[in-house]
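Here's a quick walk through this model, from a patch on the outside to the core and a loop. Have the sequence and structure open as you read.

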Amino acid sequence: MAESDRLQLKAVLTNCPELDALAEHARSFAHMLTQLQGHQLPAWTEAATAADLPSLQRFARHLERDLGAVTAGLSQPWNSGVVEGHVNRIKMLKRQMFGRAGFELLRKRVLLYY
């Protein structure tokens, strides 16, 4: 980030305390995510719910709906990104060929990719 961008961001955050608070919560959540510190999630959701930021409160409440799964997702080093990427690619191929071809062509397009 350029120095002028940093100064401009600092000025904006200084003039808008709500945005500054939201940015701090986002930074702490990002730290939890990148450092695999899911054990800190209950404290983060409590702080987010206590903040006077409706969007952040709503996000925290949604995380609390399945706290165990979210905590595991923020704690474990593995993910299903590769599998999701393949599923997304196959769905795109299916959409491209919708109504134009049968299962055999879809099968060939998927298998020829590999």
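## A patch on the surface

Val12, Leu19 and Leu22 come together as a nonpolar surface patch with about 210 Å² of accessible area between them. Patches here take residues with over 30% relative accessible area and no salt bridge (a side-chain nitrogen of Lys or Arg within 4 Å of a carboxyl oxygen of Asp or Glu), and nonpolar side chains are joined within 5 Å. Areas come from the Shrake-Rupley method with a 1.4 Å probe. Val12 sits in helix α1 (residues 3–15); helices are DSSP runs of H or I, at least four residues, numbered from the N terminus.

This is a predicted model, so local features need pLDDT of at least 70, side-chain atom pairs count only at pLDDT 80 or more, and totals for chains, interfaces and linings use all residues. Residues are numbered from 1 along each chain as its sequence is written, and side-chain values use heavy atoms, without hydrogens or water.

## The core

The largest nonpolar core (buried nonpolar residues joined through side-chain atoms within 4.5 Å) has 11 residues, including Phe29, Trp44 and Leu63. Buried means under 20% relative accessible area, exposed over 50%, partly exposed in between. Helices α2 (17–34), α3 (41–50) and α4 (54–65) each give two or more residues to this core.

## The loop

Leu36 is in the loop between α2 and α3 and has a positive phi of about 55 degrees, though not a glycine. Leu36 is partly exposed, at 35% relative accessibility. Gln37 lies in the loop between α2 and α3 too.

Terms used: Buried < 20%, exposed > 50% of the residue type's maximum accessible area, 1.4 Å probe, protein only. Patch = residues over 30% accessible without salt bridge, like charges linked within 9 Å, V, L, I, M, F, W, Y side chains within 5 Å.
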